[in-house]
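Please examine the protein shown here, taking its strands, its aromatic rings and its internal spaces in turn.

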Amino acid sequence: MASPADRIFHNGPILTMEEGMPRAEAVAVSGGRIAAAGTSAEVFALRGPATEVTDLAGRALLPGFVDGHGHLAKVADSLHSANLAGPPVGEVVDIPSLLDTLRAFIRGRRIPPGGWVRGRGYDPAFLAEGRHPTRDDLDRVSREHPIHLTHVSGHLVSANSLALALAGIGADSADPPGGIIRRADGTNEPNGVLEENAMAAFSTGVIPVPSSEDQLAALEEAQRIYASQGITTAQEGAMFPAEQALLQEAAAAGRLRIDVAGYAFWAQAGVMLSGAPAGAYQGRFRNAGLKLMLDGSPQGKTAWFTKPYHTTPEGQLPDYRGYPAMPDERANAVVEEAFANGWQVLSHCNGDAAADQFIAAVERAAAIHPSTDRRPVMVHAQTVREDQLDRMATLGILPSFFASHVYYWGDYHRDVVMGPERAARISPMRSARRRGLRFNIHNDSPVVPPDILRLVWSAAARRTRSGELLGPDQAVTVEEALRAVTLDAAFAHFEDREKGSLAPGKLADLVILSDDPTEVSLEDIQSIRVEATLKDGSLIYGDF
């Protein structure tokens with residue numbers, strides 16, 4: 001006879017994500033794993049004298065959510081920055097309110113002269129002026145504090161004069177390959193805005209880092225935020241050496257409450273993954289593979305398309321299509337190195353030209369290092385074409401769609417970035433589904449908050465901020481969207497045998513929701529509450 005269960009859940013909708021048995025009447029947990037899922041009679045046969053019984057009272061039980069793509073360490077780091085996002089994430093609506101927010105941040109944090117002021121989340125798409133803050137704007141906040149702001153996409157920054165000087169950026173500074181230093185009109189003087197690889201001027205120790213304890217405390221708060229959204233497995237999807245060290249320190253100290261899969265940024269991957277324990281978790285952290293970056297941001301107008309932008313960005317020619325982050329030869333070499341070393345590779349591709357580059361690199365590397373199951377992931381895959389999806393299906397490239405883009409930037413993409421036809425096909429989930437591609441969906445936090453239920457709603461509703469439908473033929477069902485944040489997201493991490501569904505033997509990573517997302521109206525999904533999150537059967541957020 002099987003050992004008695006530690007806990008049994010019953011009397012509520014239980015969504016297992018298992019095709020053979022999509023719903024169960026009860027679930028038993030023992031030793032941090034699923035002991036049984038099935039009828040009440042089958043599960044209650046495991047009840048013993050010490051078994052705790054949780055009455056769901058109509059609440060829904062699902063597998064814990066898996067972060068398809070995001071940046072846990074960067075979410076933690078963003079907690080040291082001023083929130084410059086617009087509604088519904090923040091309150092900045094124009095340049096004056098952005099500057100006032102920075103002034104209040106300096107006062108509230110009591111930042112002394114010379115101390116760095118960091119902000120994150122500003123978005124010209126939703127600022128009344130429709131432009132980036134410049135060095136002149138930021139100098140009006142302070143000339144005594146270096147100020148460094150990160151665009152909502154993470155692909156551009158804006159800095160004041162002191163910050164630029166400390167980073168060594170001036171009129172004589174050349175644009176780096178794959179990056180642009182924007183200039184003041186009619187001059188060679190930087191206007192404060194840096195694109196893509198030009199941002200590296202600030203990543204070489206120019207900005208002081210918080211103390212180790214402050215970083216660990218911020219990481220714990222970031223995990224609390226994730227757990228409050230039902231997330232039990234997070235990703236650091238572009239991990240730099242300092243972030244790897246932080247996550248390893250937290251893991252060794254027992255300060256990770258959720259699992260974290262780290263993907264080393266391609267430029268440092270050789271050092272970061274060489275000799276590092278790969279695959280298995282070490283105290284809830286594992287080195288999972290390599291992250292490649294092939295283009296930029298559509299809302300930042302640095303994504304690399306095969307056709308010009310719908311509205312030509314200021315200072316560009318009418319045929320501007322964005323630009324690559326690296327030449328084909330480098331992309332081919334990085335993917336080939338990953339295949340040669342057995343590292344899973346994730347590649348950021350927003351524009352379809354970047355998608356072409358990644359598909360070609362995978363095809364080339366697979367011919368040199370044939371294997372049946374590498375699970376390369378195309379991150380964002382915002383504008384992949386039908387012919388590209390065909391090639392991805394053949395090569396086994398998994399899309400990870402930034403489905404919440406439909407809500408946050410759908411109007412902007414339709415009217416400014418891509419035009420109606422291309423914008424209607426962003427995150428073409430239905431097209432991928434028709435080809436049998438196992439895709440997942442993500443929020444790319446901290447680009448947008450790690451709100452999984454809004455993500456599920458966005459994938460199924462395809463509504464923009466203005467309430468307009470955008471490409472409804474690319475919508476998926478709520479059930480398909482839930483699978484994309486559970487079992488199929490776990491599959492993309494090579495973790496589907498341990499996570500993503502409520503099947504005997506899998507980890508008891510669970511989330512309890514106030515309502516069943518498949519039974520409420522589509523618009524009510526965003527009102528569902530995460531009431532409890534359990535990792536390995538232990539409560540990490542909320543209550544029963």
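The following paragraphs describe a predicted model, beginning with a sheet and ending with its cavities.

Eight strands make up an open sheet with parallel pairing, and their order is S6-S13-S14-S15-S16-S17-S18-S19. The edges of this sheet are taken by strand S6 (65–66) and strand S19 (440–441); each has a single partner strand, so one side of each is left without a neighbour in the sheet. At the S6 edge, the partner is strand S13 (residues 231–239), which runs parallel to S6 and is joined to it by two bridges. Within this pairing, Val66 has Thr233 of S13 as its bridge partner.

Attention now turns to the aromatic side chains. A pair of aromatic rings is described by the distance of the centres and the angle of the planes. Ten aromatic pairs are present in the structure. One of them consists of Trp116 and Phe202, an edge-to-face pair with 6.2 Å from centre to centre and 85° between the planes. Trp116 belongs to the loop between helix H3 (95–109) and strand S8 (117–122), whereas Phe202 belongs to the loop between strand S12 (190–196) and helix H6 (212–228); the pair therefore ties together parts that are 86 residues apart in sequence. Trp116 and Phe202 are both buried. The rings of Tyr407 and Tyr408 are also edge-to-face, because their centres are 4.9 Å apart and their planes stand at 75°. Both of these residues, Tyr407 and Tyr408, are buried. Together with Trp409 and Trp457, Tyr407 and Tyr408 form one aromatic cluster.

Aromatic rings also meet charged side chains in this model. Arg422 is placed over the face of Phe305, 5.2 Å from the ring centre. Arg438 is placed over the face of Phe491, at 3.9 Å from the ring centre.

The open spaces come next. The second largest pocket has a volume of about 840 Å³. Its lining comprises 26 residues, and those nearest the centre of the pocket are Arg131, His132, Arg182, Asn191 and Glu314. Helix H4 (135–139), strand S11 (179–183) and strand S12 each contribute at least two residues to this lining. S11 provides the largest share, four residues. Sorted by class, the lining of this pocket contains nine nonpolar, eight polar and nine charged residues.

Which enclosed spaces does the search of the whole structure find at 30 Å³ or more? There are two such cavities. The largest cavity has a volume of about 50 Å³. Its lining includes Val66, the residue whose bridge partner in S13 is Thr233. Other residues lining the largest cavity include Asp67, Gly68, Tyr226, Ile231, Ile441 and His442. By class, this lining divides into six nonpolar residues, four polar residues and one charged residue.

The second largest cavity holds about 30 Å³ of space. The residues that line it are Gly68, Gln235, Tyr263, Leu346, Val377, Asn440, Ala492 and His493. This lining consists of four nonpolar and four polar residues, with no charged residue. Gly68 thus appears in the linings of both the largest cavity and the second largest cavity.

How values were computed: Residues are numbered from 1 along each chain as its sequence is written. This is a predicted model: local features need pLDDT of at least 70, side-chain atom pairs count only at pLDDT 80 or more; totals for chains, interfaces and linings use all residues. Side-chain values use heavy atoms; hydrogens and water are left out. Two strands pair if DSSP finds at least two bridges between them. Rings of Phe, Tyr and Trp (its six-membered ring) pair if their centres lie within 6.5 Å; planes under 30 degrees apart count as stacked, over 60 as edge-to-face and the rest as tilted. Buried means under 20% relative accessible area, exposed over 50%, partly exposed in between (1.4 Å probe, protein chains only). A charge sits over a ring if NZ of Lys or CZ of Arg is within 6 Å of the ring centre and within 35 degrees of the ring normal. On a 1 Å grid over the protein atoms alone, a cavity is a set of points where a 1.4 Å probe fits but cannot get out, and a pocket is an open set with protein on both sides within 12 Å along at least five of seven lines; lining residues have an atom within 4 Å of a point. Grid points are joined across faces, edges and corners, and a volume is the space filled by probe spheres set on the points. Ala, Val, Leu, Ile, Met, Phe, Trp, Tyr, Cys and Pro count as nonpolar, Asp, Glu, Lys and Arg as charged, and the others, Gly among them, as polar.
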